[in-house]
Amino acid sequence: MSDNDNGGKIFLHSVTLDLDKCKGCINCIKRCPTEAIRVRDGKASIISELCIDCGQCIRVCQNKAKKANYDDLSVLDNFEYTVALPPPSLYAQFNNIDDQKIVLDALKAVGFDDVFEVAAAAEIITAATERYLTRNKGRLKYPVISTACPVVTRLISVRYPDLLDNLLPLITPVELAGKMAKKRASEKTGLSPDKIGCIFLTPCPAKVSAIHSPIGTEHKYVDAAIAINEVYPLLLKEMKKLGAELPDQQPLAGAVGLGWGIIGGESTSLKSTDKHLAADGIDNVIMVLEDLENHRYGLEFVELNACSGGCVGGVLQVENPYIARAKVNKMKSNIKVNDEPLDDDYVKLMWDKELDYNPAMELGDTMEESFERFTRLQSLIESLPGLDCGSCGAPTCAAFAEDVVKGNAEVMDCVVLLRRKTEEIYKRMESSFDSVGFSNRTED
Amino acid sequence: MNPILIRHDVSGEDFSLAGEASVDIKNQLRKMGIPADAVRKAAISIYEAEINLVIHATGGTVEAEVENNEIRIRITDNGPGIPDVNLAVSEGFSTATDEIRNLGFGAGMGIPNMIRYTDEFDIKSTPGEGTEINMTVRF
Ligand SMILES: Nc1ncnc2c1ncn2[C@@H]1O[C@H](COP(=O)(O)OP(=O)(O)O)[C@@H](O)[C@H]1O
Ligand code: SF4
Ligand SMILES: [Mg+2]
């Protein structure tokens, strides 16, 4: 985990680079949705203020040089009692299961003392969202935008200041699950909360960052995160021990909670409004946000997931997201809808800390500086070849021009300009040699 | 310091591109370090005018000029023009077709919003020749 001190604000990023593996190719710089990666001196580097932890670079790196930081299973040893927090998308990683029970049993078999389903907490968040929408009807900034995907929340906080007030100010299902699990375990065991480890099984790096620096609250309820693709083989092994008695763990979550693992699950579970929209995939999310800044389209609720298909498409998942989606739908039809989801005090689910705008687009620290840099930027862009070839280490000529005016790159890092310049010098030399009677050509 | 000028031609043909000029100008204004509130007001006003270019005219141009703590916006088109400007600036007035309304536009709040979000607003229109809107947002 790297702490980046950004004007007093600490951002935690869970996407990092393995310098030894990075070959300095341009795959990641071209695919990063916020243009947060540059190749400098033959290696990629991530610009912390711009990174939203979406994991796109992990997906596209052929050298496996981009990785997510998370804990390994040995983190269980740090606690006297451990609770696994599986997200609903985990269940869809396995074949031929009718409901989530066997996954919960297997989690206990691999060493967790207890399991608390994030899907169960998600049902409470659904109920709380319902209450938030109905109690404040007509007084909200519409559409209300879901805050379940931390990539989306962070993206809004750096690029869409006009939408900050649209964010649903509720803690996430993961945090709520951690909070409830800790309380339950503490009551059951008599242990103090710090001896109890609530460990999330994460589909993505963004959720690792979010448990370490939660959004909208100072409280940390989740202690660690392990990647789903790390526990997956262990769980599978336990499940496959034929005839073996797995420890028993009764499921809590119903169909609504399971639905949260796929795109549309959160919004379609709302009964108080049918004016909702759900979009998945980071490029689509950006497209919707751009539109929403100008126009509300009569919408009341918008669910946005950075990954295609929703959390089943997380970069740390195992199964193909589309297959996983079909499996969630099948499981949903097998299990009941919880009429009365676990109740918790609604007010305690609200954010207790404001989310600030962290402008990341300004070219300078002051308006004067930004303005002056912008003027240079415009003429520099004109003089660049516009090929977006990436050889300079920036994703586009325009991004390169920004780097130059900010003092982070040199104009001659552009290979095309450099070549033009050398050709010019060469020609000039040639003609001056000619004029003094030298010639590099062998003509008699 | 010299003024900064950003110019966009808005096509009247392609509805799917409507809004692109305002998104680009908004992003450029942010890069210039202009306060978020002024960027928002300018972007909404440009967006409304840009949509009008597409739904009521046959496209046109959007220009934004930034100098001395103000954003000056000029929107011009050679479309059908507006017969009664006083009517067009009033809240809820719209000649948009049902088809346009079904797309979620045509609430008759475009021009009233431009007036609301800008510090200066001026509209000139000649039927058969076109429309010109000049707006200023100060910061
Ligand atoms: N560029 C334009 N060319 C011609 N007519 C226009 C133009 N802009 C606006 N109008 C007229 O003014 C009316 C009001 O515009 P506006 O307030 O934006 O509402 P709306 O676009 O929802 O109809 C429009 O319905 C249209 O008749
Ligand atoms: S959609 Fe889900 S898996 Fe993907 S980044 Fe967002 S929270 Fe993580
Ligand atoms: Mg309009």
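This briefing describes the surroundings of ligand 2 and the internal cavities of the structure. The model is predicted. The cavity count comes to nine with a volume of 30 Å³ or more, and the largest has a volume of about 170 Å³. A:Lys207 and A:Cys311 are among the residues around ligand 2, and both are also among the lining residues that lie nearest the centre of the largest cavity.

**Surroundings of ligand 2**

- The residues around ligand 2 include A:Cys149, A:Pro150 and A:Val151, together with A:Pro203, A:Cys204 and A:Lys207.
- Also around ligand 2 are A:Asn305, A:Ala306, A:Cys307, A:Cys311 and A:Gly314.
- By class, this shell divides into eight nonpolar residues, two polar residues and one charged residue.

**The largest cavity**

- The lining of the largest cavity consists of 17 residues, and those nearest its centre are A:Ala148, A:Pro173, A:Lys207, A:Trp260 and A:Cys311.
- In chain A, the helices α3 (88–91), α5 (118–135) and α7 (173–189) and the strand β13 (301–305) each supply at least two residues of this lining.
- Ten of the lining residues are nonpolar, four are polar and three are charged.

**The second largest cavity**

- The second largest cavity holds about 110 Å³ of space.
- Its lining comprises 14 residues, and A:Cys32, A:Ile37, A:Cys51, A:Cys54 and A:Cys57 lie nearest the centre.
- Ten nonpolar residues, three polar residues and one charged residue make up the lining of the second largest cavity.

Conventions: Residues numbered from 1 in each chain as written. Chains lettered and ligands numbered in written order. Predicted model: local features only at pLDDT ≥ 70, side-chain atom pairs only at ≥ 80, totals over all residues. Heavy atoms only, no water. Near = heavy atom within 4 Å. Nonpolar A, V, L, I, M, F, W, Y, C, P; charged D, E, K, R; others polar. 1 Å grid on protein atoms, 1.4 Å probe; cavity = no way out; pocket = protein on both sides within 12 Å on 5 of 7 lines; lining within 4 Å. Points joined across faces, edges and corners; volume = space filled by probe spheres on them. Helix = DSSP H or I, 4+ residues; strand = E, 2+ residues; numbered from the N terminus.
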